[in-house]
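Me: I am new to this structure and would love a close look at one part of it. Could you start from a single residue and then walk me outward to its wider setting?

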Amino acid sequence: MAAGGPGSKTYSFKVVLLGEGCVGKTSLVLRYCENKFNDKHITTLQASFLTKKLNITGKRVNLAIWDTAGQERFHALGPIYYRDSNGAILVYDITDEDSFQKVKNWVKELRKMLGNEISLCIVGNKIDLEKERHVSVEEAEGYADSVGAKHYHTSAKLNKGIEELFLDLCKRMMETAQAEERLRGNGASTAAPGRRGVQIIDDEPRAATAAGGCCSSG
Amino acid sequence: MQEDPVYDYPDPHPVGEKRVCPQRGSLKSISVLDRLLLTYPVWLQLSINSATALHILQREPPGTFLVRKSNTSQKKMLCVRLADESVPSFVNGLPITPPPAFSLETSAISFPDLCRLIAFYCVSRDVLPFTLELPEAIAKASSHKQLESISHMGVEFWSSQLNFRGPRNGPPPLRTRSPSELDMGAGQGALCFINPLFLQDHPAMHKRHHFKRSVKVRVSTENTSSLSPPVSPPPPPPLLAKAKVKGKNLQHLESSSSLSSLDEAEEGPERPPLTRGTSNPTVASLCLPRQSASALRKMSAAFVSFFVPGKRVARLVEDLSRDRRMAFGTLVQDFLRQQREVLKPQFLTSSVELLQGMRIFISQAKVFLLELPEDEKGSSTKALINMFMVADQTLEKALFRCVLKPLKRQIDEALHVLHERDGCSKRIAESMQRARKASPCDLFGVQVTVPDTQGIDKLRRKMSLVRRAYSPIDKLHLLLQICKLIYKAMKNNAEFGADDFLPALSYVIVQCNMPELSVEVEYMMELLDTSWLTGEGGYYLTSVYASLSFIQSLPEAVAPTALTQEVRESLKNWSHRRRTDNKSHKDLLQQVVFQDGECSLMKTLQWKAGTSAETLAQLCAVKFGVNQPEEYSLYWRRDGELEPLPPTAYIQDLQSLGTTSAPFIYQCSGPDMKSRKLTRGGALDLSAEAS
């Protein structure tokens, strides 16, 4: 780090978005990414896969946000999507007790499959509908605490709490990545991608598939 | 500007104050691009600081430039000498944006590589106060030899006698060369590429929108150096003038031209080595409207040369890979020969194993290529790699071409046989059939508009293109095109998440009824480097994989179920492999020259990480068929001396001692051991054999 100075490293994180259909996962992430939308993407303006570039305390962070299908019938496909994730955002609707239950199931599964190395965020969305709240703040926050997750309240509609959620998540993922780096003894030569696909790359990572093969097939 | 409308110059200046153009006369055969390429050690000074840059440029005429790397921003900076009276300084440093597209930060025009960027600013100002000037010695050099000797001086050139400078206090050359100076239609002379594919929408572009309207295209037709790009016949400019250069078409074009593996896959695997200067790249024009296809094909042939950095590297690597006199060639050819055996049906075990073997080899070959000793012709590859800051991706593509392309037919057949054997093909085909019967829209809970019959036909055609490509990267691009078409069909301008996309994708897969898709997914997942799998391509590949798993888990999936045990297992293995992937790279591909009397033989052996040199020596004994292994030992070159390799040495010991990748010598260790003067592998006339 000393030689390259701050900012010479780029963290690439994969964040998976889980939650029942209709809880507003898609609007949440769209809201977050819409301002600086990366127009290089092939599937422009689709919300299944989004990226965001951040600069946090002088370090560049590339977020890749993977949406999943929330319908019950697709539940079993979860592992295909969340493997190698650095973070997971578990969204429920504060007016829907069921959706909170689903989040609990996801947490259990993630902890079982990925252990403690994945940073979990539990997100109560739709706080603009506070009057119809069915999941109490205490219950939700208490639960999050008990499983080592952070809890957030957001409203995609009012654009509330979203920046904070992602920023916080990034910081936590960076901490995990840095701890991992230290574990590997800072061996510069062994800068291979760490476990779970944390990639520390010098200089800008390539825009992978997007840059090369933009298609606009008609 | 009354000249041919194809040539559009953004900075028209009176042709009156013309100087003798360095590009004329006998010199015209060396293009600016080649001059830049050959002399980059002079102008590319990444390690110098700004003070040194100032010091060097101080004595140079305006327009002289250097590229250095800023310590603070870590960006490359184009440092241009301005007129003496310029404020705040007589040198202007402009940050260059990093790959994939190089551009000056204030400009809207970007280039596929640094050299192209510089070459462009040598003929056109764009955002600069005036064009860049090559040092006179470089601009006037009349042969490659001269340029090379300049190049050897590196930074010393600037202070040398060779660097004679023009009048220092003259007016800044606020002029550009006129079209007539640049090129007189013979396809020679100064060279400038503007790649319209890299033009971006940008306010600055509107000011210079005439740039966009007519695009200047010059294709080098000379074949002067080993670094020359593969030459394609210069396209007739009028064609380009007529062709509408619109973003959309170009994107289209790009998507097709980058999928070169489609066409090439159809060539015979025994295609003779490419001869530079005669190749005529043709490009598939996929899914283009018929009437424009031919025009675009011609046009795309011209555009192929825009992808030169990648193409050049690909060609170089390919040539290297075919040349058995070179270590790399031996390595690749041996592997191909071995694979042709291994891929025979009777030897096949599992598809994953097969693909993994390929992947490991490709990774190792990449490392090997990057570590080629300078005199192994690798120097030119290295120069290119430095020059273009070639992305790992480019090398990866080049290696796919060397390894997967010649084996395409056999791999396909092998995978087919294997999946017939393990019943996968049958299972997925049956699942798809079942799903189709059971009204797929309900089955997947599709809530959006899905492609109609025509749309499905189109998608099916795309899927068969996926099958035809040999390169997993091309396959992935096609897969993304398929996903895009599905989104397009969803209409109503909403922004869709996975809740809507996955059902639609599953529907399309079932309707297209192409069970072979699962083989393609496996191929991509196993062969693509991890870096590809974390981006957009990785996401959609994952979605297709998920969708195929879902289809296979039907009909039980009508009720919520878990993944089939098989899928879980394969996922686990896959993840595990990916994690250990990097460790396996640490094995070393080591060349060993066997010296026995007058006989010498070279093989490339795999020195496994964690095993000692003794183990390697044992392997040598086996591979070279030595009867008394105790009498033979391994030797290596250290500081020019041949020394015995300590039997207890490991790969990492060697690396810490800073060895080169020169071959080891395996020879008799008796007292009569002749310490021959050994040359490096490349120079030896060796009859290398498969190991």
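Is Cys22(A) buried or exposed, and what is its relative accessible area?

Reply: Happy to help! Please keep in mind that this is a predicted model. Cys22(A) has a relative accessible area of 69%. Exposed means over 50%, so Cys22(A) counts as exposed.

A helix of chain A gives a useful contrast. Helix H1 of chain A covers residues 25-34, and 7 of its 10 residues are buried, so the rest of the structure largely encloses this helix. The buried residues of H1(A) are Lys25(A), Thr26(A), Leu28(A), Val29(A), Leu30(A), Tyr32(A) and Cys33(A). That list includes another cysteine, Cys33(A), and it is buried, whereas Cys22(A) is exposed.

Now for a cysteine in chain B. Cys512(B) has a relative accessible area of 1%. Buried means under 20%, so Cys512(B) is buried. As for bonds between cysteines, searching the whole structure turns up 0 disulfides over all chains.

The number 512 also leads us to a helix pair. Helix H23 of chain B spans residues 498-512, and it packs against helix H22 of chain B, residues 472-490, at an angle of about 110°, with the axes 10 Å apart. The two helices, H22(B) and H23(B), are therefore roughly perpendicular to each other, and their crossing is right-handed. On the H22(B) side, the contact is made by Cys483(B), Ile486(B), Tyr487(B) and Met490(B). On the H23(B) side, Asp500(B), Phe501(B), Ala504(B), Leu505(B) and Val508(B) take part. Of these contact residues, 8 are nonpolar, none is polar and 1 is charged. The spacing along a helix helps in reading such lists: an α-helix has 3.6 residues a turn, so residues three or four places apart point the same way.

Stepping back, chain B holds 29 helices and 10 strands. Its 691 residues are 55% buried. Among contacts in chain B with a separation of 6 or more, 70% join residues 24 or more positions apart.

Ser142(B) offers one example of residues brought together across the chain. Ser142(B) sits in the loop between helix H5 (136-140) and helix H6 (144-153) of chain B. Its C-alpha atom is 7.6 Å from that of Ile30(B), although the two residues are 112 residues apart along the chain. With a relative accessible area of 36%, Ser142(B) is partly exposed.

Notes
Residues numbered from 1 in each chain as written. Chains lettered and ligands numbered in written order. Predicted model: local features only at pLDDT ≥ 70, side-chain atom pairs only at ≥ 80, totals over all residues. Heavy atoms only, no water. Axes fitted to C-alpha atoms, helices over the stretch in contact; angles between N-to-C directions. Helix = DSSP H or I, 4+ residues; strand = E, 2+ residues; numbered from the N terminus. Parallel < 35°, antiparallel > 145°, perpendicular 65-115°, else oblique. Left-handed = near helix turned anticlockwise from the far one by under 90°. Contact = heavy atoms within 4.5 Å. Nonpolar A, V, L, I, M, F, W, Y, C, P; charged D, E, K, R; others polar. Buried < 20%, exposed > 50% of the residue type's maximum accessible area, 1.4 Å probe, protein only. Disulfide = S-S within 2.5 Å.
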